[in-house]
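Me: I'd like to go through the charged pairs and the surface of this model with you. Could you give the reasoning behind each label as we go?

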Amino acid sequence: MKVLLVYAHPVSESFVAAMRDAALKGLAQAGHEIRLVDLYAENFEPRLSRQERLDYEDETKNTAQVRKHIDDLEWAEGLVFVFPTWWYGLPAILKGWFDRTFAPGIAFHMADAGKVIRPALTNIRLLVGITSCGSPWWFAKYVGEPHRRIIMRGIRALCARRCKTVWMAIFNMDSASAEARTRYLRKIETRMAGLR
């Protein structure tokens with residue numbers, strides 16, 4: 001499978017970087033063809049510009065500024081997102097990546113009046129979210145896990161009808177022991193190695 005891994009963390013020696021490496025290792029073990037997008041390393045601009053917003057619904061213009069990312073989305077059969085949970089949600093750079101690349105004609109087709117949008121990412125048959133959370137699991141559930149809903153419901157709705165989903169999270173990151181972190185990294189690698 002062709003897998004696009006989108007990584008969002010500014011610190012190269014972070015635990016989230018170790019999560020990324022575990023995911024890459026597992027995906028490689030499974031024999032997947034992988035492309036890595038490191039949003040911070042490439043200094044991705046998350047803000048939708050004025051012109052991009054004006055061109056947003058024009059499918060002949062709305063991909064001009066992010067063509068490489070659109071090419072990656074169109075190439076992929078699987079999407080893996082590795083990121084920290086900050087303030088119960090996605091890092092701004094990842095949310096901005098969605099804002100700028102998941103445009104009409106790319107991620108979805110605009111709806112006629114009174115109808116819902118139609119999915120356009122039908123090439124995506126695997127969707128994975130891998131994150132770390134400082135809060136305990138019960139508090140993440142209490143606030144409704146907005147980051148999980150965006151990916152597992154919102155993005156999932158734009159993918160292939162039988163798209164498989166995987167969600168992985170480590171909670172209490174601020175106080176997690178070295179053993180708990182190591183177990184989580186092994187779990188990521190094993191789970192990614194088992195994806196077909």
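Me: What makes E77 and R125 a salt bridge?

Reply: Keep in mind that this is a predicted model. The closest N and O atoms of E77 and R125 are 3.9 Å apart. A salt bridge needs a side-chain nitrogen of Lys or Arg within 4 Å of a carboxyl oxygen of Asp or Glu, so the pair qualifies.

Me: Where in the chain do the two partners lie?

Reply: The pair links distant parts of the chain, 48 residues apart. E77 sits in the loop between helix 3 and strand 3 (78–84), while R125 belongs to the loop between strand 5 (118–119) and strand 6 (126–132).

Me: Why is E77 called partly exposed?

Reply: Its relative accessibility is 23%. Buried means under 20% and exposed means over 50%, so a value in between is called partly exposed. R125, at 41%, counts as partly exposed too.

Me: How do you know that R67 and D71 form a salt bridge, and where are they?

Reply: Their side chains meet with an N to O distance of 3.0 Å, and the cut-off is 4 Å, so the label fits. Both residues lie in helix 3 (residues 67–75), 4 residues apart, which is about one turn of the helix. Partly exposed is the label for R67 at 33% relative accessibility and for D71 at 37%.

Me: Why does R47 count as exposed?

Reply: R47 has 62% relative accessibility, and exposed means over 50%, so R47 earns that label. R47 forms a salt bridge with E45, with the closest N and O atoms 2.9 Å apart. E45 counts as partly exposed, at 32%.

Me: How many salt bridges does a search of the whole structure find?

Reply: That search finds 12 salt bridges.

Me: What makes W86, W87 and Y88 a patch?

Reply: These three form a nonpolar patch on the surface, with about 400 Å² of accessible area together. Patch members need over 30% relative accessible area and no salt bridge, and nonpolar side chains are joined within 5 Å. W86 has a relative accessible area of 36%, so W86 passes the 30% cut-off.

Me: Which label does W86 get for its exposure, and where is its place?

Reply: W86 is partly exposed, because its 36% falls between the 20% and 50% limits. Its place is in the loop between strand 3 and helix 4 (92–101).

Key
Residues numbered from 1 in each chain as written. Predicted model: local features only at pLDDT ≥ 70, side-chain atom pairs only at ≥ 80, totals over all residues. Heavy atoms only, no water. Buried < 20%, exposed > 50% of the residue type's maximum accessible area, 1.4 Å probe, protein only. Helix = DSSP H or I, 4+ residues; strand = E, 2+ residues; numbered from the N terminus. Patch = residues over 30% accessible without salt bridge, like charges linked within 9 Å, V, L, I, M, F, W, Y side chains within 5 Å. Areas by Shrake-Rupley, 256 points an atom, 1.4 Å probe, with all protein chains shown as cover.
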